[in-house]
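The following exercises concern one protein model with a bound ligand. Please have the sequence and the structure at hand, and attempt each task before reading its solution.

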Amino acid sequence: MSSEPAAPPAHPEEVARLAGEADAEIAAVSDRRGWEAVRIRWIGRREGRVRELLDLIPRVADKRGFGQAVNRLKERVEAALAAADERLAAAERAAQRREAAVDVTLPGRRVPGGAIHPVIQISREIEEIFVRLGYTVAEGPEVESDRYNFELLNFPPDHPARDTQDTFFLEDGRLLRTHTSPVQIRTMLARRPPLRVIIPGRVYRHDNDLRHSPMFHQVEGLAVAEGIRFSDLKGTLEAFLHRLFSPETGVRLRPSFFPFTEPSCEVDITCPFCRGKGCATCSETGWMEILGAGMVDPRVLAGCGVDPDRYTGFAFGLGLDRVAMIRFGIPNIRLLFENDERLLRQAGIR
Ligand code: DAH
């Protein structure tokens, strides 16, 4: 044994005393860096104090007791470091929670409120009116066959009435439906009478000016049962138009022609802007055309497998965009589809 001032420990009791020193250092650790430094100083593989002590074993008298003491010291340091690690982790979690915490006293962020598009508002309103009358809502595809869009609606091939529809054709012979009437066909092919359906949807025509958009919206109505008469059509339309506009609205039927109805009519209402007195919007007539209607042509019924000797029906169709323009005072149909937020906000949620 030499007489150097810092003589290395030679007895197990001296080793055990080092534990206090380690405990104190580990207890003082306050972050990950400090923890790592203490770990290396004590149990680092190459130069840690435990390593130094192990290297002393060949030179001490009580090799076995000394070795056991070093092992106990090592285990104790390891346990203390593990506890310190847990303490640091808990502190980190708490800090994270503090950072993520919501300050409920802060003012909320304003989310601008959306509004239902005027056309959709009108569509829902019309659906609701007819659902109360016992109708169900139906829909059909916007890409349609010639057969459903024309043929089964009694537009024969080469019939001049097809020209009025300004059809967009697809390369495969299908087309973009020009009206919601093909859903009449789909409904009759799928369901037996009695049936009453209301059919909103988008339709397409090769037409584009201040009053026409190549895409617009229609609602179709269809009722088929035994004993349905023209007076049922008239009563239904009057009730509907009084609900949609006002009970004072005048309703007038004019004879017209559609291939799929016979007889057919066009329906006018008294101009909602001047109440029938005559103004620029109604071209001084006091009336506005609002829909087409008629009794379902027997050929259409028969084409769908509905016996025309037993069943009769009525149908009607109207443009939703026009109704939305009248109701919201929108002068130009394009305004409806430009998605200008100012217009949408003006229409508001109803
Ligand atoms: N489909 C017609 C059109 O787009 C509108 C129409 C007229 C529908 C008379 C009908 C009807 O159901 O009976 O011009």
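**Exercise 1. Locate Pro194 and Pro263, and describe the peptide bond that precedes each.**

Step 1. Pro194 belongs to the loop that runs between α7 (182-190) and β4 (195-204); helices (H or I, at least four residues) and strands (E, at least two) are DSSP runs, numbered from the N terminus. The model is predicted: local features need pLDDT of at least 70, side-chain atom pairs count only at pLDDT 80 or more, and totals for chains, interfaces and linings use all residues. Residues are numbered from 1 along each chain as its sequence is written, and side-chain values use heavy atoms, with hydrogens and water left out.

Step 2. The bond joining Pro193 and Pro194 is cis, with omega about 5°.

Step 3. Pro263 is placed in strand β7 (residues 261-270). The peptide bond from Glu262 to Pro263 is also cis, and its omega is near -5°.

**Exercise 2. Which residues are closest to the ligand, and which polar contacts does the ligand make?**

Step 1. Begin with the shell. A residue is near the ligand if one of its heavy atoms lies within 4 Å of it. The ligand is surrounded by 15 residues, and the closest are His179, Ser181, Arg205, Gln218 and Glu220.

Step 2. Sort the shell by class: five residues are nonpolar, eight polar and two charged. Here Ala, Val, Leu, Ile, Met, Phe, Trp, Tyr, Cys and Pro count as nonpolar, Asp, Glu, Lys and Arg as charged, and the others, Gly among them, as polar.

Step 3. Search for polar contacts (pairs of N or O atoms within 3.5 Å; within protein, one must be able to donate a hydrogen and the other to accept it, and residues adjacent in sequence count only if both atoms are side-chain atoms). A side-chain N or O atom of Gln184 is 3.1 Å from an oxygen atom of the ligand. For Gln218, a polar side-chain atom lies 2.9 Å from a ligand oxygen atom. Phe316 contributes a polar backbone atom, 3.3 Å from an oxygen atom of the ligand.

Step 4. Consider the cover. The ligand taken alone exposes 360 Å², of which the protein buries 91%; accessible areas come from the Shrake-Rupley method with a 1.4 Å probe, and for residues only the protein chains shown count as cover.

Step 5. Assign the shell to elements. Those that give two or more residues to it are β5 (215-225), β8 (287-296) and β9 (312-319).

**Exercise 3. Which residues have the most contacts inside the largest nonpolar core?**

Step 1. Apply the criterion: a nonpolar core is a set of buried Ala, Val, Leu, Ile, Met, Phe, Trp, Tyr and Cys residues joined through side-chain atoms within 4.5 Å. Buried means under 20% relative accessible area, exposed over 50%, and partly exposed in between (1.4 Å probe, protein chains only).

Step 2. The largest such core has 43 residues, and Ile126, Phe240, Leu241, Ile290, Leu291 and Phe316 have the most contacts inside it.

Step 3. Take Phe240 as a case. Neighbours within four places in sequence aside, Phe240 is in contact (heavy atoms within 4.5 Å) with Ile126, Ile129, Phe130, Leu291 and Leu318.

Step 4. Another core, of 24 residues, lies apart from the largest one; Ala19, Val38, Leu81 and Leu88 are among its members.

**Exercise 4. Is Thr236 buried or exposed, and what does Thr236 contact?**

Step 1. Thr236 is part of helix α8 (residues 230-244).

Step 2. Thr236 counts as buried because its relative accessibility is 15%.

Step 3. Beyond four places in sequence, the contacts of Thr236 are Phe130, Leu133, Tyr135 and Phe314.

**Exercise 5. Which residues of helix α10 are buried, and against which elements do they pack?**

Step 1. Within α10 (residues 320-328), the buried residues are Leu320, Asp321, Val323, Ala324, Met325 and Ile326.

Step 2. Their packing partners are α5 (118-132), β5, α8, β8, β9 and α11 (333-337).

Step 3. After α10 comes Gly329, with a positive phi near 65°.

**Exercise 6. Compare the settings of Asn154 and Ser283, two non-glycine residues with positive phi.**

Step 1. Phi is near 70° for Asn154 and near 50° for Ser283.

Step 2. Asn154 sits in the loop between α6 (146-149) and β3 (175-176), while Ser283 sits in the loop between β7 and β8.

Step 3. Asn154 is buried, since its relative accessible area is 17%; Ser283, at 57%, is exposed.
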